[in-house]
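Biologist: Hi! Could you pull up the model so we can chat through it together?
Modeller: Sure, here it comes.

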Amino acid sequence: MNAAARTASTAAGATVRSSLAGHGHSSVTAKLFLGYLLFSTVVGLAALVTLLVTILQDGLPYLDSVLLFNAPSANPERAGARPAIVASIMIAAVLMATALPVAIGTAVYLEEFAQRDRWWIRLVELNIQNLAAVPSIIFGILGLAFVVRGLNLGPVLLTGALILGLQMLPTIIIATREALRAVPDSVRQGGMALGATRWQVVWREVIPAAIPGVATGSILGLSRAIGETAPLLMVGAATFVSFNPGLLTQYTVLPILIYQWIKLPQEAFQGLAAAAIIVLLVILVSMNGFAIWLRNRYERRW
Amino acid sequence: MIITCLAVAALISILATVGIVVALVAPSLEFFTEISPREFFTTTTWTPLFTPSAFGVLPLIVGTLSTTLWACVICLPLGLGTAIYLSEYARPRVRAAVKPTLEVLAGIPTVVLGYFALTFLTPLLRSLGWQVEIFNAFSAGIIIGILLLPTVASLSEDAMKAVPSSLREGSFGLGANRFQVATRVVVPAAVSGIAASFVLAISRAIGETTIVLIAAGQLPRMSLHPGDSVQTMTAFIAGTGAGDVPVGSIEYKTIFAVGITLFVITLVLNVFAIRMVRRFREVYE
Amino acid sequence: MEPTPAKTAEQTTRRGVQLAAPTAQPTSEAPLAEHDVVFECRELGVRYGRNRALRDVNLEIREHGVTALIGPSGCGKSTFLRCLNRMNDLIPSAAVDGTCRYYGEDLYAPSVDAIEVRKRIGMVFQKPNPFPKSIFDNIAFGPRVLGMTSNLADRVEQALRRAALWDEVKDRLRDGALGLSGGQQQRLCIARALAVEPDVLLMDEPCSALDPISTAAIEDLMTTLKSDYTVVIVTHNMQQAARVADQTAFFSVDQGETGRRCGVLIEMSSTDRIFTNPDDPRTEAYVTGRFG
């Protein structure tokens, strides 16, 4: 019995090849097309690898305890990034305390309570979609107008954090809504059938079920805010801050410090910038790793 | 009570938009009482911070166009190619490895990409014998393209995944090969979603700030030459906003006039993209 | 069990070479017998990864007739149908074993081009799946991808006429195909398959998404089509099999020794026999409605 088993994947590969033999003119085109597809995919991956290798090469020699524990200085031998690292972490904390509850509240309202056919609900939805695509520098202008004029808070850490918070609202709202949408209606109906109110069902059943998705989306939003530069330039994140910042003091964050170091003429500062980039990437990678871990640990498949 | 609180939270995002519009419109109106829109939009010299000052925004728009063009040259064709590969050709295991790796690229902070453009790409171009300026539109544009490649790939792939697999089966059943199925059935059926990803990428490229600020320079001029240093709208806003411009001065107000120009351009593109995404959802859902 | 070598050799000389050499025209020799064997499957089986979906199928399908595949859901009848034009190739985890000969030629031989197989063996699916293009472009799709672009308009008209759809759509060929009713869409998909001039038409529950009137129209169509084509249809509707099929194959689910569910062929015979006097008690139980 000729029971030669073939996996269909090899057969599918043969499909492309033999069809080339079959239809003369399309063969070359199809081959070129596949070449183009592979090239496209490789470019992105190659760029990522080159980027990481470059950064590591430039930065590793400068990555030391001076960088981690000293304050910025005009002398590259003594320049460090400690106040910037502290400020970046503080900003993340402020965002978790402010923007996160607002974004999750918005998502819960839109997904669980709002009547979708109302014109103003549709306006809110369109507004969120659009806000997600507004250039970050525009949020900087918003900050500039209100820091300097309206609230008169001055260039302090809290203002910067609030601006970043507004900017990351749509990202978290959209991610949270998707997580809530993934919770099947049977969960809601089951709760309602037992006589629970809509709010009780949402609070006790729906939100806990959606937590992994919400957490993942929130961390992704947070990490984007941590890496943001442009809007903070506009609200006066200063460069040489030699003290650990408070909520209402001047501050600088890692991306701004990196930006300023890149602009300095001395070669050593380029290396320091690369080293600070490594620190920033390590912070972001650990946040994202945590998000992935959370998702894998708690994700339920419906 | 709680639900009211939630509704109030939902209103904050509206307030953000209102805040942006108010912040932009009032100083812009003041600006346009001093400088006529005609001068602003049609003259070709931009020296708001010098004397004699000139307020022709076109050099900034041309600079933006130049970097955006190179970004598009990279991210549109390569993003689409990646999307087609992942959606129609790649085996599940390859897709599962490639997709998240590309998304890492989209999550790299722009200041890092700016550093890469300035300290890796530009020197590379020069060592290859192309005498670009230290700050140039080409390097910045290419790196913006790399940044946006995963966005285009991911959104286009979503659009292609939304094409029912019955259409693929139908065409394979007629004797079409993978190339024909991809180009004649899947891509045409997903075209509005793909177009939306393109428009969104263009909008992002126009609004990208940090990369151009680091790698494209601060020299406003009417040049589309890729090796030239240019100033984009965003670079002007960030560069000027970060300095000590006295509040209420004409220089201060130019930030807002350029800002509202940028905002309107990206708003139009975004609304356009959002509507196209809706259209492809309506067809199949 | 064993293929009859003499017959196989004859058929290979008559038509078999065409699969590997798509440009060759069908020879116009008179058929050797009234009803030649089109498909000859020996020990055919399919696995999806580690799960076996179908095993040990031995059957022959003859020319110019309608063959129905019936059985409870999960019995592998659609999987089997998809082996006949190598549609299972498209599922990465699927693997086919055993042999399946088409006019004597092994469909899964390395030299065989799956594209050429699908060109000769057309397929119509469970749900109508017109492309979001015009009616004309839907029909013209197959001829275009296969380079059969001469007299395209005639070809489209012929296909629509054979599918009994021409009169309904001739004035709106440029309109979108998605505007047609469900029954019209399914006839459009049949016309689309006919436009590439296949020898065989495989239909995977073609009426399951249609209303009774559209179903009757498709059944009529099958009866007219069998004079020119060999039709193989999967159906969950036993009355439909009884109405349209000359031959019927009954598939069922076998729990096996390991307890894994796997599709098997129980018996194949003339439709009359399957429905009135089947050999196997399991077939009788199914057709009389006591099981499944």
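Biologist: How many residue pairs are in polar contact across the interface of chain A and chain B?
Modeller: The rule finds 9 such pairs between chain A and chain B, with both residues at pLDDT 80 or more. Keep in mind that this is a predicted model.

Biologist: Which helix of chain A gives the most to the side that touches chain B?
Modeller: That would be helix α2, residues 24-59, which contributes 21 residues to that side of chain A.

Biologist: And what classes of residue make up that side of chain A?
Modeller: Facing chain B, chain A has 52 nonpolar residues, 17 polar ones and 2 charged ones.

Biologist: OK, how many salt bridges across the interface of chain A and chain B, then?
Modeller: The rule finds 0 of them between these two chains.

Biologist: What area is buried between chain A and chain B?
Modeller: About 6400 Å², and carbon and sulfur atoms give 79% of that. In terms of contacts, 71 residues of chain A meet 73 residues of chain B.

Biologist: Nice. Switching to chain C: how many helices and strands there?
Modeller: Chain C has 11 helices and 10 strands.

Biologist: What share of the residues of chain C count as buried?
Modeller: Of its 292 residues, 57% count as buried. The accessible surface of chain C is about 12100 Å², with 48% belonging to carbon and sulfur atoms.

Biologist: And what about contacts in chain C between residues at least 6 apart in sequence?
Modeller: Among those contacts, 69% join residues at least 24 apart.

Terms used: Residues numbered from 1 in each chain as written. Chains lettered and ligands numbered in written order. Predicted model: local features only at pLDDT ≥ 70, side-chain atom pairs only at ≥ 80, totals over all residues. Heavy atoms only, no water. Contact = heavy atoms within 4.5 Å. Buried area = accessible area lost by both parts, 1.4 Å probe. Salt bridge = Lys/Arg side-chain N within 4 Å of Asp/Glu carboxyl O. Polar contact = N/O pair within 3.5 Å; in protein donor to acceptor, adjacent residues only side chain to side chain. Helix = DSSP H or I, 4+ residues; strand = E, 2+ residues; numbered from the N terminus. Nonpolar A, V, L, I, M, F, W, Y, C, P; charged D, E, K, R; others polar. Buried < 20%, exposed > 50% of the residue type's maximum accessible area, 1.4 Å probe, protein only. Areas by Shrake-Rupley, 256 points an atom, 1.4 Å probe, with all protein chains shown as cover.
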